[in-house]
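Subject: Structure for you to look at

Hello,

Here is the structure I promised to pass on. Please open it and keep it beside you while you read my notes.

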Amino acid sequence: MKALVYHGPGQKSLDDRPKPAIMAPTDAIVRILHTTICGTDLHILKGDVPTCTPGRILGHEGVGVVEAIGDAVSAFAPGDHVLISCISSCGRCAPCRQGMYSHCERGGWILGNSIDGTQAEFVRIPHADTSLYPIPAGADEAALVMLSDILPTGFECGVLNGKVQPGDNVAIVGAGPIGLATLLTAQFYSPAQIIMIDLDAHRLETASHFGATHVINSAEQDPVAAVRAVTGNRGVDAAIEAVGVAATFELCQDLVAPGGVIANIGVHGHKADLHLEKLWSQNIAITTRLVDTATTPMLLRTVVAGKVDPARLITHRFTLDAALDAYDTFARAAETHALKVLITP
Ligand code: ZN
Ligand code: ZN
């Protein structure tokens, strides 16, 4: 089968690889219908993720059809259409029993990281009963690829951790796919204002179409002054970090109102300053989280019911044969205006 393979920092290729086989009774083999590229895949290609070793098939998002199941799989049968979670979970260990699937002792984020991933014609999914979700008949399967990772990530790490409530003022720093997924799902709670902050005018324009009440281009204006101007000098109840660099985390500390929450989503590779000399008395909370995908069934229902339309995040479509072009388009997002690129084998 064809597969997009990581060969060490800066190196990837479309290779011929053997079709995966069942290795444990809890495994399923899924034929991929659609997959996509995540910002995390670009981090891997920079060499930032040491658990991902050369020879690994990348990708942790996708939808497909069950091809084969191990003897212990009871929730799925060959032919079932399934959503693949970016988090594999056994459902039985202590973190899983708390709903903290991201820290599963036998899983977590392993797909396209420490085991082969979804940017291929077939993928082996461990703990299939608790790591796959059935796709309702008639659903837009390409749109559901956005539910493997980015929608639950924006919702759980940003909206839920940020305790977004009706009438709140919310700032989302970063209008990439994750920031936009946060923007879409924050609207479940009817916040009064959702202020998007980014350096990219095109992404901010997209954010306006997706429901942002204010957009701030931090290349052109001081985001702290601009947020103060639209919040009656108070700051925001939820300052959500969706970039993953020190400057944006530090900006959130200047945006949060007394009693508010700084909810970090970004993947940070370097340390960031924490200004406790300003924040110690401000009754704020700081949260971090790796997506658990515990809300995936709920998000599936909202998508099927038309309450949120994640297909809006898909800007480009490629075949698996053109996966290298897909990477190039996604990596040059400032020029190509790419958000999510759909790859269809
Ligand atoms: Zn991802
Ligand atoms: Zn577990």
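Start with valine 63. Leaving aside its neighbours within four places in sequence, valine 63 is in contact with Leu33, His34, Val82, Leu83, Ile84, Ile135, Glu141, Leu144 and Val145. Keep in mind that this is a predicted model.

Where does valine 63 lie? It lies in strand β5, which covers residues 62-69. Is valine 63 buried or exposed? Valine 63 has 26 other C-beta atoms within 10 Å. The cut-off for buried is 20 or more, so valine 63 is buried. Now look at threonine 130. It is 67 residues from valine 63 along the chain. The C-alpha atoms of the two are separated by 15 Å.

Next, the pairing around β5. Strand β3 (residues 28-36) runs antiparallel to β5, and 7 bridges join them. Find isoleucine 32, whose bridge partner in β5 is glycine 64. Then turn to strand β6 (residues 81-84). It is also joined to β5, by 4 bridges, and the two run antiparallel. Glycine 64 has a bridge partner in β6 too: valine 82. As background, strands of a sheet pair through backbone hydrogen bonds, either parallel or antiparallel.

Now step back to the whole protein. It has 13 helices and 16 strands. Its C-alpha trace spans about 60 × 40 × 40 Å along the principal axes. A compact globule with 345 residues would have a radius of gyration near 20 Å. The protein has 20 Å, which agrees. Of the 345 residues, 50% count as buried. Take the contacts between residues at least 6 apart in sequence: 69% of them join residues at least 24 apart.

How is the protein divided? There is domain 1 (2-149 + 292-344) and domain 2 (154-287). Their centres, taken over C-alpha atoms, are separated by 27 Å. The contact takes 17 residues from domain 1 and 13 residues from domain 2. On the domain 1 side, helix α1 (residues 39-46) gives the largest share, with 3 residues. That side divides into 8 nonpolar, 5 polar and 4 charged residues.

Two open sheets are worth a look.

The first to find has 6 strands. Their order is β11-β10-β9-β12-β13-β14, and the pairing is parallel. Why do β11 and β14 each have one side without a neighbour in the sheet? Both stand at the edges, β11 at 214-217 and β14 at 285-287, and each has a single partner strand, so one side of each is left free of a neighbour in the sheet. Neighbouring strands here are turned by 15 degrees against each other on average, direction ignored. Helix α8 (residues 223-230) packs on this sheet. It touches β9 (169-173), β10 (193-198), β11 and β12 (236-241). The direction of α8 makes about 170 degrees with that of β10. At the β14 edge, 3 bridges join β14 to strand β13 (residues 256-264), and the two run parallel. Isoleucine 262 stands opposite isoleucine 286 in β14.

The other sheet has 3 strands, in the order β2-β1-β4, with antiparallel pairing. Its edges are β2 (12-16) and β4 (56-57). Each has a single partner strand, so one side of each lacks a neighbour in the sheet. Strand β1 (residues 2-6) pairs with β4 over 2 bridges, in the antiparallel sense. Look there for tyrosine 6, which stands opposite arginine 56 in β4.

Last, two residues with a positive phi.

Lysine 163 is in the loop between α5 (150-160) and β9. Its phi is near 50 degrees, a positive value in a residue other than glycine. Lysine 163 has 15 C-beta neighbours inside 10 Å and so counts as partly exposed.

Asparagine 233 is in the loop between α8 and β12. Its phi is positive, about 70 degrees, although it is not a glycine. Is asparagine 233 buried or exposed? It has 10 other C-beta atoms within 10 Å. The cut-off for exposed is 12 or fewer, so asparagine 233 is exposed.

Best wishes

Note on methods. Residues numbered from 1 in each chain as written. Chains lettered and ligands numbered in written order. Predicted model: local features only at pLDDT ≥ 70, side-chain atom pairs only at ≥ 80, totals over all residues. Domains from an automatic or database assignment. Contact = placed C-beta atoms within 7 Å. Nonpolar A, V, L, I, M, F, W, Y, C, P; charged D, E, K, R; others polar. Pairing = 2+ DSSP bridges. Axes fitted to C-alpha atoms, helices over the stretch in contact; angles between N-to-C directions. Rg over C-alpha atoms; globule rule 2.2 N^0.38 Å.
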